[in-house]
Amino acid sequence: MAPNCPAFDCPNPGRIPCPKCKSVSYCSTNCQKSNLPSHEQSCVAAASKHNCYIVRASPSTSTSTTTSVSDQIEPLHLEHYGNEAAEVKELRTRLQWSSAYEAAKFYDHTGTDSWYYYVYGHSDGGPKNEAVTRASHTGKDIHGDVAIIRSGPAGYDTPETFTKTELANALEFYETRSGRKIFNEREKNRFMAKMGMRF
């Protein structure tokens, strides 16, 4: 079932995505036009690219009556992207985490097998992060806020920056799919391709 249209007091399901950010869907062009002043700032943010995002365990704020995984995502530009030890140090400092470690990995919603989303977690606790737990390749519960970057196996080209919408779409993909199963399938595809075989 589609989430409700985000226009003020509109009870109808949203079926027409915002053409710029695609992070919200409206029931009609009239509702889209009437909601433009309140959506404009989040629209620009959803369409801009960053190298890291925080996915909150719970939405920090929401301007509509319904919430989506997009409400949990905030950009965080890493100065030391590409150097794991420096990324960990920066995350611990900026987010005041006592630790930062690999909590999970998950592939995107488009079928790629040459890169994945890499999830940094921490041991400071917090509520279960439902969206990231569903997507996780480990099958284990992930608690608290997490930081997500793109990474991949050595020798593969990994796009450094991505939009909030791309990440939200990937996390929403796992609402009806097993993160562990998808990860194993994509890893197998990548290995088979490397060996010159596809099935």
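**Figure 1. Met195 and its neighbours on the surface.** Met195 sits in the segment that follows helix 5 (179-194). Like everything shown in these panels, this view comes from a predicted model. With a relative accessibility of 49%, Met195 falls into the partly exposed class, because exposed would take over 50%. Met195 has company here: together with Phe191 and Met197 it makes up a nonpolar surface patch. The three residues add up to about 320 Å² of accessible area.

**Figure 2. The whole chain, for orientation.** Five helices and nine strands make up the secondary structure of the chain. Reading from the N terminus, the order is β-β-α-β-β-β-α-β-β-α-β-β-α-α. Along the principal axes, the C-alpha atoms take up a box of roughly 50 × 45 × 30 Å. The radius of gyration is 18 Å, which agrees with the value near 16 Å for a compact globule of 199 residues. As for burial, 41% of the 199 residues count as buried.

**Figure 3. Helix 4, mostly under cover.** Helix 4 spans residues 164-173, and seven of its 10 residues are buried. Here's who is tucked away: Lys164, Thr165, Leu167, Ala168, Ala170, Leu171 and Phe173. When looking at that list, keep the helix geometry in mind: an α-helix has 3.6 residues a turn, so positions three or four places apart point the same way. Lys164, one of the buried residues of helix 4, turns up again in the next view.

**Figure 4. Asp71, a buried acid without a salt bridge.** Asp71 belongs to the loop that runs between strand 4 (53-55) and strand 5 (73-75). Asp71 is buried, but no salt bridge goes with it. The nearest side chain of opposite charge is that of Lys164, 6.0 Å away, and a salt bridge would need the atoms within 4 Å, so this pair doesn't make the cut. What the Asp71 side chain does reach is the backbone nitrogen of Ser68, at 2.9 Å.

**Figure 5. Glu74 and Arg56, paired up.** The structure holds eight salt bridges, and this one joins Glu74 to Arg56, with the closest N and O atoms 3.0 Å apart. Glu74 is in strand 5 while Arg56 is in the loop between strand 4 and strand 5, so the bridge ties together parts 18 residues apart in sequence. Both ends are partly exposed: Glu74 has a relative accessible area of 23%, and Arg56 has 24%.

**Figure 6. Asp108 and Arg186, a buried pair.** Asp108 and Arg186 form a salt bridge whose closest N and O atoms are 3.6 Å apart. Asp108 comes from the loop between strand 6 (101-106) and strand 7 (116-121), Arg186 from helix 5, and the bridge links these distant parts of the chain across 78 residues. Asp108 and Arg186 are both buried.

**Figure 7. Lys128 and Asp141, plus a small network.** The side chains of Lys128 and Asp141 meet in a salt bridge at 3.4 Å, N to O. Lys128 sits in the loop between strand 7 and helix 3 (130-135), and Asp141 in the loop between helix 3 and strand 8 (146-151), 13 residues apart. Each partner is partly exposed, Lys128 at 29% relative accessibility and Asp141 at 45%. Elsewhere, salt bridges with shared partners bring Arg56, Glu74 and Asp145 into one network.

Note on methods: Residues are numbered from 1 along each chain as its sequence is written. This is a predicted model: local features need pLDDT of at least 70, side-chain atom pairs count only at pLDDT 80 or more; totals for chains, interfaces and linings use all residues. Side-chain values use heavy atoms; hydrogens and water are left out. Helices (H or I, at least four residues) and strands (E, at least two) are DSSP runs, numbered from the N terminus. Buried means under 20% relative accessible area, exposed over 50%, partly exposed in between (1.4 Å probe, protein chains only). Lys and Arg count as positive and Asp and Glu as negative; His and the chain ends are not counted. A polar contact is a pair of N or O atoms within 3.5 Å; within protein, one must be able to donate a hydrogen and the other to accept it, and residues adjacent in sequence count only if both atoms are side-chain atoms. Patches are made of residues with over 30% relative accessible area and no salt bridge: like charges are joined within 9 Å, nonpolar side chains (Val, Leu, Ile, Met, Phe, Trp, Tyr) within 5 Å. Accessible areas come from the Shrake-Rupley method with a 1.4 Å probe; for residues, only the protein chains shown count as cover. The radius of gyration is taken over C-alpha atoms; the globule rule is 2.2 Å times the number of residues to the power 0.38.
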